[in-house]
Amino acid sequence: MKDFMIDQNLKELTEHRTVVLPVACYETTINQNIHGYIPLHWHDEIQFVLIVKGKAIFQINEDKLIVRQGDGIFINSGCLHMAEEKNESGCVYICLNVSPHFVLSQELYTTYVTPYIQATNLPYLYIDPNEPWGKNILDAVLKINQCIQQKSPYFEIDITMHLTLIWKSLIINGFQLEYDQMEMIKSHRIKQMLNWIYLHYAEKITLDDIARAGQLSRSECCRYFKRMLKITPLNYVMDYRIQKSLVLLQQSESNVTEVAYKVGFNSTSYFIERFRKAMNMTPLAYKKLTTQTPNSILGANLLK
């Protein structure tokens, strides 16, 4: 089971680069993640996704969309996103992460890259394989993945050529780009509140604490969470605590009571109740199952 590493700011810790390039391309099987889904995170790199098997639900900022085998998505720099497979389809996708500064040369960056990664109306883009521009992008993603896997002579140069084609195919659509300062502020504030939760989830947390972290009133804080995450702030905290407990329960030396207190519950019985509701089993049953079969595919979409 693979753990998806993010830092205290929800920023992904995975290093998105080959040996010499700020690029990473790899296959991801959603249900092999330790949580059973790809948790909420963000990164500076732009991301292109190609579904090669099954189907998935992606959430980018407050929007959700279903993507199926053959479909693609562009996820812009700095946007919160997460993914879960749909209908136990065994979803697998190729993920291409690229530093925006590597997409085009420095001389072209300001004109052809900056306006797109700063646009507030372009958090993501569905890539239709039936459209010529979409097919060009997805074919290039596959070729970059091949280049990285095979490492044929001059493959780094081939990658840069494919990236140029990808970016040109994306921008020729003629988007009407928008720059809404309030949207930028909202994105910053939700990240501030989530960051505060990740730093303090093991402590007693109140709605006032979360709202204060985002410089918002209690009612505004609730509206932000409902809009972005479709959940109340305090329920998000509870679900995040359960998420953190999954890793601890897989450690052979841990017991349920210790784990409950480590993740912020002051009652073992309440922890068991919340865990059963989220995971459809008790913490002890989960612990036994994962320690006996470490490659089990387990998890739940705790952060809807």
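**Helix H11 and a buried serine**

Okay, let's start on the outside of H11: the face turned away from the buried side of this helix carries two exposed residues, Ser-269 and Lys-277. Keep in mind that we're looking at a predicted model.

So what is H11 itself? It covers residues 268-279, twelve residues in total. From the first C-alpha to the last, H11 reaches 16 Å, and that's close to the 16 Å you'd expect at 1.5 Å a residue.

Now flip to the other side. Which residues of H11 are buried? They are Phe-271, Arg-274, Phe-275, Ala-278 and Met-279. These cover an arc of only 110 degrees around the axis, so they sit on the same side of H11. If you want the general reason, an α-helix has 3.6 residues a turn, so residues three or four places apart point the same way.

And what do those buried residues pack against? Three helices: H9 (233-249), H10 (256-262) and H12 (283-292). Just after H11 comes Asn-280, and its phi is positive, near 60 degrees.

Let me move over to the loop between H9 and H10, where we find Ser-254. Is Ser-254 buried or exposed? The cut-off for buried is under 20% relative accessible area, and Ser-254 has 10% relative accessibility, so it counts as buried.

Who are its partners? A polar atom of the Ser-254 side chain lies 2.8 Å from the backbone oxygen of Leu-248. Leaving out residues up to four places away in sequence, Ser-254 touches Leu-248, Leu-249, Val-259 and Lys-287.

Note on methods: Residues are numbered from 1 along each chain as its sequence is written. This is a predicted model: local features need pLDDT of at least 70, side-chain atom pairs count only at pLDDT 80 or more; totals for chains, interfaces and linings use all residues. Side-chain values use heavy atoms; hydrogens and water are left out. Helices (H or I, at least four residues) and strands (E, at least two) are DSSP runs, numbered from the N terminus. The expected span of a helix is 1.5 Å times one less than its number of residues. Buried means under 20% relative accessible area, exposed over 50%, partly exposed in between (1.4 Å probe, protein chains only). The arc is that of the directions from the helix axis to the C-beta atoms. Contact means heavy atoms within 4.5 Å. A polar contact is a pair of N or O atoms within 3.5 Å; within protein, one must be able to donate a hydrogen and the other to accept it, and residues adjacent in sequence count only if both atoms are side-chain atoms.
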